[in-house]
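Subject: The structure you asked about

Hi,

Here is the structure for you to look at. Have it open while you read, and my notes will follow below.

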Amino acid sequence: MEKDTNLCKFKGNLTKKPELKGTDKKYALLTIACNRGYQNADGKFEADFITLKTWKDPEKVVEELDKGQKVEIESHLKTGKYTNDKNEVVYTSDFVIDKLDYSLTKEKEEQEVTTEVEKEK
């Protein structure tokens with residue numbers, strides 16, 4: 001039997017320049033737009049907007065990435081909880097980046113699609 005795996009993959013465009021966050025331990029906060037794999041009734045693709053965090057080299061991520069840039073991400077979902085100032089328990093869910101590829105170009109993406117089509121034959 002296979003082990004359970006917490007793996008989330010995303011490919012999309014950055015909606016804004018990543019932000020450097022945190023005080024003691026810095027992290028980069030990214031938001032990407034990912035098209036859904038189907039069209040709506042009007043024949044248009046809708047998008048989901050996903051926010052992710054990375055603690056791996058956050059200064060470099062913020063410096064090198066910019067709005068509109070295409071990225072491919074492998075991440076995992078991390079859950080947690082904390083007690084706020086009102087003594088209420090707050091549950092959290094964060095996508096944490098394990099692998100970030102931002103060297104994608106239109107040409108490379110088209111080549112990947114061609115390769116996938118060839119595999120299906």
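First, a term you'll need: helices and strands here are DSSP runs, with at least four residues for a helix and at least two for a strand, and they are numbered from the N terminus. With that in hand, the order of elements from the N terminus reads β-β-β-β-α-β-β-α. That makes six strands and two helices in the protein. Please keep in mind that this is a predicted model.

Some overall numbers next. The protein has 121 residues, and 21% of them count as buried. About 9300 Å² of the protein is exposed, with carbon and sulfur atoms supplying 47% of that area. If you take the contacts with a separation of 6 or more, 54% of them are between residues 24 or more positions apart.

Now the strands. E1 and E5 run antiparallel and are joined by six bridges; across from Asn13 you'll find Lys70 in E5. E1 is also joined to E3, again antiparallel, through two bridges, and here Leu14 stands opposite Ile32 in E3. E3 and E4 pair antiparallel over nine bridges. One place to spot this is Cys34, whose bridge partner in E4 is Asp48. E3 and E4 form a hairpin with five residues between the strands, and Gly43 in this hairpin takes a positive phi near 80°. E4 and E6, on the other hand, pair in the parallel sense, over two bridges, with Leu52 opposite Phe95 in E6.

Then there's the inside. Which residues of the largest nonpolar core touch the most other members? They are Phe10, Leu30, Ile32 and Leu52, out of 15 residues in that core. At least two core residues come from each of E1, E3, E4, H1 and strand E5 (70–83). E3 gives the largest share, with four residues.

Phe10 is worth a click. Its relative accessible area is 15%, and buried means under 20%, so Phe10 is buried. Leaving out residues up to four places away in sequence, Phe10 touches Ile32, Cys34, Ile50, Leu52, Val71, Glu72, Ile73, Ser75 and Phe95.

That last contact brings me to the rings. How many aromatic pairs does a search of the whole structure find? The search finds two. In one of them, the ring centres of Phe10 and Phe95 are 5.1 Å apart and the planes are at 80°; planes over 60 degrees apart count as edge-to-face, so that is what this pair is. Phe10 belongs to strand E1 (residues 8–14) and Phe95 to strand E6 (residues 89–101), so the pair ties together parts 85 residues apart in sequence. Unlike Phe10, which is buried, Phe95 counts as partly exposed at 23% relative accessibility.

The other pair is Tyr27 with Trp55: their ring centres are 5.2 Å apart and the planes are at 40°, so this pair is tilted. It also links distant parts of the chain, 28 residues apart, because Tyr27 sits in strand E3 (residues 27–39) and Trp55 in the loop between strand E4 (45–54) and helix H1 (58–64). Tyr27 is buried, with a relative accessible area of 17%, while Trp55 is partly exposed at 32%.

Cheers

Notes
Residues numbered from 1 in each chain as written. Predicted model: local features only at pLDDT ≥ 70, side-chain atom pairs only at ≥ 80, totals over all residues. Heavy atoms only, no water. Buried < 20%, exposed > 50% of the residue type's maximum accessible area, 1.4 Å probe, protein only. Contact = heavy atoms within 4.5 Å. Areas by Shrake-Rupley, 256 points an atom, 1.4 Å probe, with all protein chains shown as cover. Phe/Tyr/Trp six-rings, centres within 6.5 Å; stacked < 30°, edge-to-face > 60°. Core = buried A, V, L, I, M, F, W, Y, C linked by side-chain atoms within 4.5 Å. Pairing = 2+ DSSP bridges.
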